[in-house]
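Me: I would like a close look at a single part of this protein, with its surroundings explained step by step. Please give the cut-off for each term as you go.

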Amino acid sequence: TCALLVGHPLDSIKVHLQTGRGGATPSIRQLYSGIVPPLTTVGAFNALNFMVYDNTRRWLFQRDMRKGNVELSEHRSSSA
């Protein structure tokens with residue numbers, strides 16, 4: 001999200017320059033217009049990514065414990 005907060009206004013400036021509207025200095029409001037949809041998308045993607053990661057880590061730990069690979073499970077849980 002930090003990259004989005006920095007990159008979005010820079011992209012807005014680039015678009016203003018490419019479309020020939022670069023003469024007037026855009027306001028902060030104009031630079032950040034349209035940022036809500038990407039912010040919600042990034043937030044939803046990060047939540048989904050974390051959920052899949054955590055569930056996969058738990059599943060691997062439980063599978064290793066059933067197979068008796070205690071040292072492997074300890075290594076995975078400590079590296080997470």
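Reply: Helices (H or I, at least four residues) and strands (E, at least two) are DSSP runs, numbered from the N terminus. By that rule the protein chain has four helices and zero strands, and read along the sequence it follows the pattern α-α-α-α. The model is predicted, so local features need pLDDT of at least 70 and side-chain atom pairs count only at pLDDT 80 or more, while totals for chains, interfaces and linings use all residues. Residues are numbered from 1 along each chain as its sequence is written, and side-chain values use heavy atoms, with hydrogens and water left out.

The part to look at closely is helix H1, which covers residues 2-18. The expected span of a helix is 1.5 Å times one less than its number of residues; for the 17 residues of H1 this gives 24 Å, and because the end C-alpha atoms are 25 Å apart, the model agrees with the expectation. Just after H1, Gly-20 takes a positive phi of about 85°.

Consider next which residues of H1 are covered. A residue is called buried under 20% relative accessible area, exposed over 50%, and partly exposed in between (1.4 Å probe, protein chains only). In H1, Leu-4, His-8, Pro-9, Ser-12 and His-16 are buried, and these buried residues pack against helix H2 (28-31) and helix H3 (36-67), where contact means heavy atoms within 4.5 Å. Across the 80 residues of the protein chain, 14% count as buried.

Ser-12 shows this packing in detail. Ser-12 counts as buried because its relative accessible area is 14%, and, leaving aside residues up to four places away in sequence, Ser-12 touches Gln-30 and Leu-31. A polar atom of the Ser-12 side chain lies 3.0 Å from the backbone oxygen of Leu-31.

H1 also has residues that take part in the surface. Val-6, which is in helix H1, forms a nonpolar patch on the surface with Leu-10, Ile-13 and Leu-17, and together they have about 380 Å² of accessible area. Accessible areas come from the Shrake-Rupley method with a 1.4 Å probe, and for residues only the protein chains shown count as cover. Patches are made of residues with over 30% relative accessible area and no salt bridge (a side-chain nitrogen of Lys or Arg within 4 Å of a carboxyl oxygen of Asp or Glu); like charges are joined within 9 Å, and nonpolar side chains (Val, Leu, Ile, Met, Phe, Trp, Tyr) within 5 Å.

Technical notes: Polar contact = N/O pair within 3.5 Å; in protein donor to acceptor, adjacent residues only side chain to side chain.
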